[in-house]
Amino acid sequence: MSIISVKNLEKRFGDNVILHNVNAEIEKGEVISIIGPSGTGKSTFLRAINFLDPPTGGEVYFDGERITKRNIDAARRRMGMVFQSFGLFSHLDVMGNLTAGPVSLLGVSKREAEEKAAELLKTVGLAERARQMPRQLSGGQKQRVAIARCLAMSPEVILFDEPTSALDPTMVSEVIAVMRSLAKAGMTMLVVTHEMDFARDISTRVFYMDEGGIYEEGASGAIFKSPKKPKTQVFINRIRCFIREIDTPGFDFYALNGEIEHFCEKHIIPKKTTGAALLLTEELLSLYGEAARKDGLDYRAEIRLDYSEKDGGLGIAFTYNGSRDIVKEGDAISADIIRGLSADMRLEQSDGHSKLSLVYKDTAH
């Protein structure tokens with residue numbers, strides 16, 4: 001028997017139909033990643049399952065029992081939820097956040113609740129933060145506390161609503177690591193996510209949502225390698241694009257590196273290609289910085305990365321002020337690195353601006 005069964009689910013807000021005739025069966029131990037474009041009802045689907053936004057039609061069953069407004073509190077004690085905004089109690093310390101639910105809702109003694117909370121904090125790597133207040137924690141730490149708080153209620157299922165979307169890119173990996181460990185331990189999870197590496201590598205199944213429902217579903221490998229329906233194909237195989245404008249020579253280069261790494265990780269770009277993107281970007285900016293200083297130019301540039309998952313090609317378009325051929329006229333070592341990594345290179349110039357287009361392609365792809 002499925003632990004969650006969704007039958008003909010519908011959700012409307014006035015005349016706006018968000019979900020229509022949605023059906024799904026989730027088995028114990030499954031990890032379901034819910035992906036798709038923004039505005040396609042992914043979060044609404046989760047919130048309708050646990051009646052945070054009660055469905056306007058259809059039925060939801062938990063462990064064979066239909067969920068209604070009368071029994072939803074009992075169902076929620078077995079079906080936890082983790083939100084993108086953490087939802088911690090700001091007036092309670094970490095330990096207080098973890099023990100409040102078990103003590104007040106489950107009737108657990110404070111001592112027993114604190115013992116379990118201490119173990120859970122070890123599990124999420126925050127044992128030393130037990131007496132700190134939420135304001136003293138980073139975003140990643142707050143989300144790990146939120147997961148531990150959810151686990152303190154001993155749920156059989158956890159619903160994750162974009163748990164990493166509010167985090168700095170450097171903090172995403174620490175939350176994903178905790179979720180990976182939960183998956184390995186057999187926790188049933190439904191995860192609305194934009195972290196495609198998690199969806200591909202950890203999920204047992206993937207729901208791609210569009211057109212008011214589950215447009216396509218299947219094993220993660222099948223969805224990412226050979227989606228069958230047109231919109232899923234466009235979503236999975238589309239050109240991945242990153243654009244960043246730079247208008248000062250004193251820009252934060254390390255932050256830019258972090259953004260590029262996060263972009264590459266989010267779109268499951270191979271590490272070798274990621275390394276090439278970082279190196280090419282660094283050398284191009286170095287050459288342009290030198291040229292701008294020599295010519296006394298107003299420092300303005302744009303870096304654009306386009307990645308095709310289908311053929312593994314990475315296109316880099318570098319647009320900058322001035323008419324120098326920065327590769328031909330710049331530092332020989334930097335120029336050799338750029339030429340060595342580029343399968344194709346062309347320079348376009350007009351009205352005092354230049355656009356250098358490169359293509360890197362991993363020959364092993």
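How exposed is Arg-324, in terms of relative accessible area? Let us take that residue as the way in, and then walk through the rest of the model, which is predicted.

1. **Arg-324 and its partners.** Arg-324 is partly exposed, with a relative accessible area of 24%. Its side chain meets that of Asp-295 in a salt bridge, at 2.8 Å from N to O. This pair brings together distant parts of the chain, 29 residues apart: Asp-295 belongs to helix α11 (residues 271–295), while Arg-324 sits in the loop between β13 (313–321) and α12 (326–329). Arg-324 also forms a salt bridge with Glu-329, where the N to O distance is 2.9 Å. Both acidic partners are partly exposed too: Asp-295 has a relative accessible area of 37%, and Glu-329 is at 43%.

2. **A shared network elsewhere.** Glu-30, Arg-205 and Glu-217 are joined into one network by salt bridges that share partners. Over the whole structure, a search finds 25 salt bridges, so there are plenty to look for as you turn the model.

3. **Arg-131 and Asp-93.** Here is another salt bridge to find: the closest N and O atoms of Arg-131 and Asp-93 are 3.2 Å apart. Again the link is between distant parts of the chain, with Arg-131 in the loop between α4 and α5 and Asp-93 in the loop between β6 (79–82) and α3, 38 residues apart. The two ends differ in their surroundings: Arg-131 is exposed at 55% relative accessibility, a value over the 50% mark, whereas Asp-93 is buried, with a relative accessible area of 17%.

4. **Helix α3, from end to end.** Asp-93 has a further role in the geometry, since it caps the N-terminal end of α3: one of its side-chain oxygens lies 3.3 Å from the backbone nitrogen of Met-95. Within α3, the buried residues are Val-94, Met-95, Gly-96, Asn-97, Leu-98, Thr-99, Gly-101 and Pro-102. The cover over these buried residues includes α4 and α5. After the helix comes Gly-107, with a positive phi near 75°.

5. **The largest nonpolar core.** In soluble globular proteins, nonpolar side chains tend to be buried together. In this model, the largest nonpolar core holds 36 residues, and Ile-147 and Phe-160 have the most contacts inside it. Two or more residues come from each of α3 (94–105), α4 (110–123), α5 (139–151), β7 (157–161), α6 (169–184) and β8 (188–192). Of these elements, α6 contributes the most, with seven residues.

6. **Around Phe-160.** Which residues is Phe-160 in contact with, leaving aside its neighbours within four places in sequence? They are Leu-46, Val-82, Ile-147, Met-179, Leu-182, Met-189, Leu-190, Val-191 and Val-192. Ile-147 is therefore a handy one to display alongside Phe-160, as both are named for having the most contacts within the core.

7. **A second core.** Apart from the largest core lies another, made of 35 residues. Tyr-299, Tyr-307, Val-327 and Ile-338 are among them.

8. **Cysteines.** How many disulfides does a search of the whole structure find? The count is zero. As for individual cysteines, Cys-150 is buried, with a relative accessible area of 8%, and Cys-264 is buried as well, at 2%.

Key
Residues numbered from 1 in each chain as written. Predicted model: local features only at pLDDT ≥ 70, side-chain atom pairs only at ≥ 80, totals over all residues. Heavy atoms only, no water. Core = buried A, V, L, I, M, F, W, Y, C linked by side-chain atoms within 4.5 Å. Buried < 20%, exposed > 50% of the residue type's maximum accessible area, 1.4 Å probe, protein only. Helix = DSSP H or I, 4+ residues; strand = E, 2+ residues; numbered from the N terminus. Contact = heavy atoms within 4.5 Å. Disulfide = S-S within 2.5 Å. Salt bridge = Lys/Arg side-chain N within 4 Å of Asp/Glu carboxyl O. Polar contact = N/O pair within 3.5 Å; in protein donor to acceptor, adjacent residues only side chain to side chain.
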